[in-house]
Structure formats: structure tokens, C-alpha cells
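Reader: Please present the model and take me through the surroundings of its ligand.

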Amino acid sequence: MVRIAVLISGFGSNLEAILEAVETGRLPGVTVAVVVSNRAEAYGIKRAIRHGVPVVYFPLAPYTKAGRSRREYDAQLAAILQAFDVEWVVQAGWMHVFSSAFLDRFPSRVVNLHPALPGQFPGTHAIERAYQAYRQGEITHTGVMVHLVPDEAVDAGPVVAQEVVPIFPEDTLEELEARIHAVEHRLLVQALYELCCASCDQTAGTSEVAAT
Ligand code: GRF
């Protein structure tokens with residue numbers, strides 16, 4: 001089995017998409033070994049529990065309050081994931097930028113989801129910023145990308161999958177958000193299939209299995 005960790009900070013709809021894909025055989029050979037949240041109120045924790053997946057709540061604040069560094073936090077979290085025998089780490093709405101103290105433990109094995117195209121709107125509120133940019137005539141469309149995380153650059157790294165998402169003149173922000181999230185849920189599963197399953201899956205036949 002390919003053991004993955006999913007890291008969340010909020011609603012967890014992308015976590016749900018991964019769990020449903022695993023449970024319905026669309027990510028053959030993959031198991032979600034652990035879900036980590038750095039926020040106690042993250043609804044994704046409830047989703048993980050509902051699916052019977054172990055949850056680790058691991059906030060940064062106690063570290064910084066105790067005068068310990070982000071690097072110590074990162075190293076400790078990496079050790080926790082290694083104790084779960086995790087091979088891939090998926091940042092699905094994870095609000096924390098890892099240092100090399102974490103990334104060096106999982107070289108080319110950390111995956112991030114960003115609700116915009118490569119190089120566009122890195123950081124928080126990407127969808128809102130794209131919506132405003134469209135209304136000011138600066139862009140004609142937006143998108144979603146899944147990429148590897150090689151270093152501390154925010155929402156940047158080798159692209160695994162990307163997809164353009166149209167914006168329409170009559171769109172409300174909520175409508176654009178819904179369209180982007182629907183693409184995220186599909187693209188993240190597709191990217192994980194390519195990374196974790198495609199080379200070892202002899203039974204599924206083609207990657208169309210993951211794209212449905
Ligand atoms: C997603 O839009 C993701 O791209 C962004 O945060 C959001 C998380 O959504 N980084 P959810 O928690 O998976 O519902």
C-alpha cells in the first residue's frame with residue numbers, strides 16, 4: 001500500500017474527495033494513513049473521524065509560545081508522519097509553509113493544492129484576488145494547480161496537474177468558488193493517481209480510472 005498523509009486546516013472538502021476516491025477504488029493501492037490538522041476547529045477533523053482515519057491535532061502556537069522554532073515544529077511533525085510510515089504528504093488547504101526541516105524528510109514527496117494557475121495569486125485568498133482581477137479586466141480566466149513542494153516558496157514548484165477554470169461576467173464570488181472547488185476535488189485525485197498509482201497499478205488499465 002502507498003501510505004499518504006493529508007494535512008488540513010479547515011473545511012476539508014479536498015480531504016473528503018481523497019477519502020471517497022480511496023474508498024471507491026479510484027486510487028488503487030493508496031491508503032490515508034493519517035490526517036493532520038493544525039487547527040482544532042477544522043471541520044476536516046470530523047470528516048476524517050467519520051471515515052475512520054487516525055487524526056493528529058498538531059498546532060504551531062504551543063511551540064512558538066514555548067520559545068521553540070518553526071523548524072523544531074516542522075521536524076517534529078515530520079517525525080510523527082514517519083512514525084505512521086507515510087510515503088507521500090498532501091497539503092489540502094494546509095495553512096503553514098514548511099521549512100527544509102520538514103521538506104528534507106520527504107524529498108519530492110510533498111504535494112500542494114493551489115486554487116489558481118501556476119505563478120498566479122500565491123498565498124491566501126487566491127480565489128477572491130482572481131475574482132477582483134477579472135472584474136478589473138486584468139485576467140480572463142483562472143484555474144487550479146497541483147504541484148510538488150521542493151522549498152519554502154509559497155504555492156510554487158514542479159506542476160503535477162493544472163486546469164483552466166473560466167470566469168463568467170455574471171459570476172458571483174460564491175459561484176466562482178464553487179466552480180474552482182469542483183475542479184480541485186477532481187484534479188487533486190487525478191494528480192495523486194499519477195503520482196502514487198499510475199506506475200504500479202496493473203489492474204486499473206488506464207489513468208481514465210482516476211479521471212472519472
Ligand atoms: C482549497 O481551495 C485549497 O486550494 C486552498 O484552501 C482550500 C481548502 O479547502 N489552499 P478544503 O479545506 O479542502 O475544503
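**The ligand and its shell**

Reader: Which residues are around the ligand?

Author: The model is a predicted one. A residue belongs to this group if one of its heavy atoms lies within 4 Å of the ligand. The residues that surround the ligand are Phe 11, Gly 12, Ser 13, Asn 14, Gly 93, Leu 113, Pro 115, His 181 and Glu 184.

Reader: How do the residues of the shell around the ligand divide into nonpolar, polar and charged?

Author: Gly counts among the polar residues in this scheme. The shell accordingly divides into three nonpolar, one charged and five polar.

Reader: What distance separates a polar side-chain atom of Glu 184 from an oxygen atom of the ligand?

Author: Polar contacts are pairs of N or O atoms within 3.5 Å. Backbone N or O atoms of Phe 11 and Gly 12 lie 3.4 Å and 2.7 Å, respectively, from an oxygen atom of the ligand. For Glu 184, a polar side-chain atom lies from a ligand oxygen atom at 2.3 Å.

Reader: Which elements give two or more residues to the shell around the ligand?

Author: The ligand sits in the largest pocket. Two or more shell residues come from each of helix H1 (13-23) and helix H7 (173-197).

Reader: Is the pair of Phe 11 and Tyr 43 stacked or edge-to-face?

Author: The whole structure holds seven aromatic pairs. The ring centres of Phe 11 and Tyr 43 are 5.6 Å apart and their planes stand at 20 degrees, so this pair is stacked.

Methods: Residues are numbered from 1 along each chain as its sequence is written. This is a predicted model: local features need pLDDT of at least 70, side-chain atom pairs count only at pLDDT 80 or more; totals for chains, interfaces and linings use all residues. Side-chain values use heavy atoms; hydrogens and water are left out. A polar contact is a pair of N or O atoms within 3.5 Å; within protein, one must be able to donate a hydrogen and the other to accept it, and residues adjacent in sequence count only if both atoms are side-chain atoms. On a 1 Å grid over the protein atoms alone, a cavity is a set of points where a 1.4 Å probe fits but cannot get out, and a pocket is an open set with protein on both sides within 12 Å along at least five of seven lines; lining residues have an atom within 4 Å of a point. A molecule sits in a cavity or pocket if more than half of its atoms lie within 2 Å of its grid points. Helices (H or I, at least four residues) and strands (E, at least two) are DSSP runs, numbered from the N terminus. Rings of Phe, Tyr and Trp (its six-membered ring) pair if their centres lie within 6.5 Å; planes under 30 degrees apart count as stacked, over 60 as edge-to-face and the rest as tilted.
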